[in-house]
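Work through three short exercises with the model open. Try each task before reading its solution.

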Amino acid sequence: MAADRRMIATPENLRSSPVAARQDGLGIQLDRVSKQYGRQPVVRDISLDIAPGECLALLGPNGAGKTTLFKLMLGLVRPNGGRVTIDGFDPATRTFRAVRAGIGFLPENVSFHDAMTGAEVLAFYARLKGIPASDCAPLLDRVGLTEAASKRVRTYSKGMRQRLGLAQALLGNPRLLILDEPTTGLDPALRRRFFDILRSFSEAGVTVVISSHALTEIEARAGRYAILQSGTVSALGTLSALQREAGLPVHIRLTLPPDRVQSMIRRLGERCTVTPVGAGHIDLACPEAEKMALIREIMNADASVEDIEVRSTCLDDIYAHFASGRVRK
Amino acid sequence: MRVSVILAVKEFRDGLRNRWIAAAVLLLAGLTLAVTFLGSAPVGTTSTTSLAVTVTSLSSLSVYLVPLIALMLSYDAIVGEAERGTLLLLLAYPVSRWQLIAGKFLGHLAILSVAIIIGYGAAAMAVAMLTDTAPGDLLALLALVGSSILLGAVFLMLGYLLSAFARERATAAGLAIALWLGMVLLYDLVLLGVLLADASHVIGERVFAGLLILNPADAFRVFNLTQFDSVSAVAGLAGPGMTSAASPTLALGAMAAWAIVAGLLAYIRFGASEP
C-alpha cells in the first residue's frame, strides 16, 4: 500500500492524466417521484431537474433516500408514483439499454469478484459496455492502479477497491456519472486526486450526481446541493443561495487584550450576539448583511484589537440547519 | 446474446479458476472408473465388463451427482451476486435480467458439460478399449452423456429459481439441499411406498409411468434404462408395458419442459425483484 501511494503522488503520474473528451451530458428529470419499500416510504414526492452538464451533490443522513434516488435514476427500481426520465427516456424500460452504456455508476461500498485481478475486472466491465480492452490500461493508470492491476481484488485495500470502482464508472466516456459516496476509504491525497478527475469530467460537460457525507470536501466542488431529509428535498440550490436561504449568522472572533474585553462587549452588545470565550477572546454572531458594518465599527472602536477571524457560513452549518428537521414547504 | 456470451465466458473462467471444473471432472471420472471396474461383480460376469453395464451404472450415478453439481453451481447465481453487492453494479450496465440468467446458464452448462463429457468419456473409453463393444452400446453412452447434460440443465434452472426467491445465500443453499433430497431420493421412496400399499392396483402402469416422468430425475432414469435393449436387459427393466407407457421421447420432453418452466419462473421472479 505504501509503495502504491508513492506511485500516485509522483508528478509524471499526475501529468499523464488525460483530459476527458467533450461530452453531451445527460439531463435527469424527476417529477413528483415517490418510492416505498413495503409500507415504508423512502422517497416522497421529489421533483428535481438536473440539467445536462450540471454537477449536483446529494447530501443527507443515512436513510434519507439518496441511494434509492440513485437506483431510481438507474432504473433499477421503479417509482410507486411520479416519473423519472433521463435524456427523455424512462430508465426502467428495455429501450433504455442504449442510454445505459453512457452512464457510469459507482455504488456505495462497491465490491467485485475477489478471485479476479483488477485488470480482469475492468476488462470484464469494458466488454459489457462494448468498449475495447485497450481503453482499460489508461484508466487503471489514471486511478493509480497500474502496479496492482495484476493482483487479485481479494488483496486490495478499501481505497484500491474504491479506485477500481471509479475506473469502471469512467469506462467509455460516460455522459452521466452517478457516484454514491465515492470518497469513502480514500486517503486525503487520493481524495484530492479523485476530485481532480471529477472536475475534468465535469468541465468536459458530463453530468455528475454525487452523494457524500464529507461536507468540507464537497463544498465548492458541486454546482448545486440538494439536502435530503426523510425522503424529501429539504433544500436545493447553489452554495450562496443556500447560505442566503438559511440566513445563518456570520461568526467573528476577536482577539484583544483581556482588560479591553468588557468595554468591547458593552459597545457591541446592542448590535449583535456577543459571547466571551476565555481570556482575550470574543465571539460575535451577526447577519451576513451586517458583517462589513460591524467590522468597520470594531476597527474604529478600539485600535488594540489584535486579530479578527471571520468564519462565513459553510456547508456544514447549512447542512445542520436544513437537515435538522425543518422541511421546506 | 453478445452480453450473455460475455457473462458465460466469465462464469466458465471462474469455474476454471476456482478449480470447480477440475473437481467435477475428477469426481465424475473417479466414480465412473470405480463403478465400472468394481461394479461388474453383481451382474454375474466378473471377468469382463461391457459398456452396457457401465452405462447402466453411470445412469444411476448421474441421477445423484449431476443434480447435485448443477445445484451447487446455480443456487447462489442471483442471491450470491446480490449478497456480494456485485448485482447492483451489473444491472446498472447494459445487461438485462434475462441476459444475466442466460449468461449464467450458458456458462454453468458449459462447466457441467465439460465435466460430464471428460469424466464419463474417459472412463467409458477405457472400458470400450478393454472389451468388445457393440455400436449400440456406444450410442447408449452418447445418449447418457446428452441426457445427463439435459438433467444438469433442469437442475441449473431450478437452482436459479431458488436463487431468485431466496433472500439470503444460506437460505438458497438449504433450499437446494432440500430440493435435491426431495427430487432425487424421497420422491422415489414415496412412489415405492405408494405402490406397495396399493395392493388392489388402483394405480395402473400408465399412471405409474406418468408419475415417474413427472420427476426429471426419474425421467432421466426412464430415458436411459429403457431406450436401448442391451441396457434395459442389464438393468432388469425390460418389459413391454414399461417401455410403451414411459417412452424415452416423452421422458426427454418432460425434462426439457422442466428446464423451460423453471427458467421462465426464475426470470419472472428475478425480473420483478428490485436490487
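The exercises below treat a predicted model.

**Exercise 1. The A–B contact**

Task: Find how many residues of chain A are in contact with chain B, and which element gives the largest share.

Solution:
- Step 1. Count both sides: 20 residues of chain A are in contact with 19 residues of chain B.
- Step 2. Look for elements of chain A that give two or more residues to this side. They are helix H4 (97–100) and helix H5 (118–129).
- Step 3. Rank the shares. H5(A) gives the largest, five residues.
- Step 4. Sort the chain A side by class: 12 nonpolar, three polar and five charged residues.

**Exercise 2. The S2-S1-S4 sheet**

Task: State the pairing sense of the sheet S2-S1-S4 in chain A, and explain why S2 and S4 each have one side without a neighbour.

Solution:
- Step 1. Three strands form this open sheet, and their pairing is antiparallel.
- Step 2. Strand S2 (40–50) and strand S4 (81–86) of chain A are at the edges. Each has a single partner strand, so one side of each lacks a neighbour in the sheet.
- Step 3. The twist averages 25° from one strand to the next.
- Step 4. Take one pair. Strand S1 (residues 28–37) of chain A joins S4(A) over five bridges, in the antiparallel sense.
- Step 5. Locate a bridge: A:Leu30 has A:Val84 in S4(A) as its partner.

**Exercise 3. A:Ser200**

Task: Classify the exposure of A:Ser200.

Solution:
- Step 1. Place A:Ser200 in helix H8 (residues 188–203) of chain A.
- Step 2. Count C-beta neighbours inside 10 Å: there are 15.
- Step 3. Apply the cut-offs: 20 or more is buried, 12 or fewer is exposed. A:Ser200 is therefore partly exposed.
- Step 4. Check a distance. The C-alpha atoms of A:Ser200 and A:Glu54 are separated by 13 Å, with the residues 146 apart along the chain.

Methods:
Residues are numbered from 1 along each chain as its sequence is written. Chains are lettered from A and ligands numbered from 1 in the order in which they are written. This is a predicted model: local features need pLDDT of at least 70, side-chain atom pairs count only at pLDDT 80 or more; totals for chains, interfaces and linings use all residues. Two residues are in contact if their C-beta atoms, placed from the backbone, lie within 7 Å. Helices (H or I, at least four residues) and strands (E, at least two) are DSSP runs, numbered from the N terminus. Ala, Val, Leu, Ile, Met, Phe, Trp, Tyr, Cys and Pro count as nonpolar, Asp, Glu, Lys and Arg as charged, and the others, Gly among them, as polar. Two strands pair if DSSP finds at least two bridges between them. Axes are lines fitted to C-alpha atoms, for helices over the stretch in contact, and angles run from 0 to 180 degrees between N-to-C directions.
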